[in-house]
Amino acid sequence: MSPAGRAVGDRGTAVVIGGGPAGCLAAWALRGVARRVVVLESDRYPDGVDFRVGVPQARHGTLLLEAGHRTIDELMPGARAELLAAGAQLVPVPGGLRWLTSAGRLASHDSELAMLSCSRPLLDRVVLDRVRSEPTIEILEGTEAVGLLGGRRAVTGVQLRERGRDGAPVTELSAELVIDASGRGTRSGRWLIGLGFPPTPAERIDAGVSYASRFYHRPPGREDQPALYVQCRAPEHGRFGVLLPVEGNRWLVGIGGMRGFEPSIQPEEFEKQLGELRDPAIAEAVADARPVGPARGFVAGPSVRRHHERTDPAGFLALGDAACTFNPVYGQGITVAALGARALREAARRHGGLGPATVREARRAIAATTRNSWVMAGSEDVRFAGTTGGPRGPVARLQHRFLDRVLARATTDAAVSAAFHRVTAMVEPPSALFRPSVLGPVLFGR
């Protein structure tokens, strides 16, 4: 027992459940504070840049918004340069992106914003290689967490076993801090209940989102092809499409759909649905491009915001998709995970350890980071009749009317367009849309 009477695990040790970008960034964030960090990854990493079984979404679009690649480069100086050297593409926004919003194309303006586009395996590899270079971080591949250790007042470690081996024994690993970065399939809620803690309150929104994506070789002479995003528009256009440049002179082309607008992975249907989007630009771009392999499908599942800040015990923290799972169409997930890792680093350094003060501060910051993204995404999802959950009623309708006016004005007003882009890039909060320089033209402009 500590002097305050709180049970703790192995002081100075942190265990991170999940070895994807969220888990690796969280482990890296504790560098110089934790004595030892152990990352539990149930998969085994591939040699080189390749897909792995445990990340089905990896064959679909991976974007780092401006706030995301800024933050990763802040946490891991030089990481952005490594990604670009390996072929990742920096897409200026709005100059390098043709984005058809529900209101039309947004007005052009000068901007320092950019998205970073690459395949998910490339991002995973660059982040993983950096983490592997740190001697205080140990990665246990092929190892799954199967439970938490602890008592009435705190989590003090994890139960783990080797994955894929029948009869593998369950062992225990004590830790002062356990971080759940296991993603959409997190089981920590059940484990916490098993220790006697109350259920974590959660909000759910299910728009029934599914994807079909395919890689294409970029035809010679098409280096200047902009990225394309054809957004859906409620209620009649529930399907959207993207064309993203990625490493290896390839394009990643994807079709997504809300419930009732599911895309097909069959080659003829896939190409037909590209041509049926609100804008034919993607279908026209790939008309003379050679596919790389078949189209792959992915069903995202519901968006879930877990309010860990309300009920979670000492010694436990969740971030990334384990804390808040977004509709992936908005491209927020990895950026939010990076911001969560930065919040963890700042809290750990400020308090000089992994104890309760660090966890409380990090938990509050992670909740605040997810709040704005959740509200923006959820308010859009509920525009579609097939969506379950989410905000309804007069407040939601008022939000829709306001955003519709913002988008309509942004098609002709460069200042409003710039403000909207900065909000969607997560470098400014949604409250930026209420500044007089934006609100005036939105409400009273012609």
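Let me start with strand E2, residues 36-41, in this predicted model. Five of the six residues of E2 are buried, so the strand is largely enclosed by the rest of the structure. What are its partners? On one hand, E2 is joined by five bridges to strand E1, residues 13-17, and the two run parallel. In that pairing, Val 16 stands opposite Val 39 of E2. On the other hand, five bridges also join E2 to strand E8, residues 137-141, again in the parallel sense. There, Val 37 stands opposite Ile 137 of E8.

The connection from E1 to E2 passes through helix H1, residues 21-29, and this β-α-β crossover is right-handed. Is helix H1 mostly covered or mostly open? H1 is mostly covered, with nine of its nine residues buried. Among the buried residues of H1 are Pro 21, Cys 24, Leu 25, Trp 28 and Ala 29.

Ala 29 leads us to another element of the model. Arg 345, which is found in helix H9, residues 333-351, touches Ala 29, Glu 74 and Leu 75, leaving out residues up to four places away in sequence. Should we call this arginine buried or exposed? The relative accessibility of Arg 345 is 13%, and because the cut-off for buried is under 20%, Arg 345 counts as buried.

I turn now to the sheets. As a general reminder, strands of a sheet pair through backbone hydrogen bonds, either parallel or antiparallel. One open sheet has three strands in the order E9-E10-E11, with antiparallel pairing. Strand E9, residues 143-150, and strand E11, residues 171-174, stand at the edges with a single partner strand each, so one side of each has no neighbour in the sheet. Direction ignored, neighbouring strands of this sheet are turned by 30° against each other on average. Between E9 and strand E10, residues 155-162, there are seven bridges in the antiparallel sense. One bridge pairs Leu 149 with Gly 157 in E10.

Another open sheet has seven strands, in the order E6-E5-E15-E16-E17-E14-E18, and its pairing is mixed. Which strands stand at its edges? They are E6 and strand E18, residues 290-299; each has a single partner strand, so one side of each is left without a neighbour in the sheet. Within this sheet, strand E15, residues 227-230, and strand E16, residues 239-246, pair in the antiparallel sense over three bridges. Leu 228 stands opposite Leu 243 of E16. Helix H6, residues 267-275, lies across E14, E16, E17 and E18, and runs at about 95° to E14.

The edge strand E6 brings us to a loop. Ala 107 is found in the loop between strand E6, residues 104-105, and strand E7, residues 114-118. With a relative accessibility of 11%, Ala 107 counts as buried. Which residues does Ala 107 contact, leaving aside neighbours within four places in sequence? The contacts are Ala 410, Thr 411, Thr 412, Asp 413, Ala 414 and Ser 417. In addition, the C-alpha atoms of Ala 107 and Ala 419 are separated by 11 Å, although these residues are 312 residues apart along the chain.

Several of those names recur in a helix pair. Helix H11, residues 394-410, and helix H12, residues 414-424, pack at an angle of about 125°, with their axes 7 Å apart. That angle makes H11 oblique to H12. H11 contributes Leu 403, Val 406, Leu 407, Arg 409 and Ala 410 to the contact, while H12 contributes Val 416, Ser 417 and Phe 420. Ala 410 and Ser 417 are thus named both in this helix contact and among the contacts of Ala 107.

Finally, the cysteines. How many disulfides does the structure hold? The count is zero. For Cys 118, which is in no disulfide, the nearest cysteine sulfur is that of Cys 24, 14 Å away. Cys 118 has a relative accessibility of 2% and so counts as buried. Cys 324 is likewise in no disulfide, and its nearest cysteine sulfur, that of Cys 232, is 19 Å away. At 1% relative accessibility, Cys 324 also counts as buried. Cys 24 is itself one of the buried residues of H1, the helix through which the chain crosses from E1 to E2.

Definitions and conventions:
Residues are numbered from 1 along each chain as its sequence is written. This is a predicted model: local features need pLDDT of at least 70, side-chain atom pairs count only at pLDDT 80 or more; totals for chains, interfaces and linings use all residues. Side-chain values use heavy atoms; hydrogens and water are left out. Helices (H or I, at least four residues) and strands (E, at least two) are DSSP runs, numbered from the N terminus. Buried means under 20% relative accessible area, exposed over 50%, partly exposed in between (1.4 Å probe, protein chains only). Contact means heavy atoms within 4.5 Å. Two strands pair if DSSP finds at least two bridges between them. Axes are lines fitted to C-alpha atoms, for helices over the stretch in contact, and angles run from 0 to 180 degrees between N-to-C directions. A crossover is right-handed if, with the strands pointing away from the viewer, the path from the first strand over the helix to the second runs clockwise. A disulfide is a pair of cysteine sulfur atoms within 2.5 Å. Angles under 35 degrees count as roughly parallel, over 145 as roughly antiparallel, 65 to 115 as roughly perpendicular and the rest as oblique.
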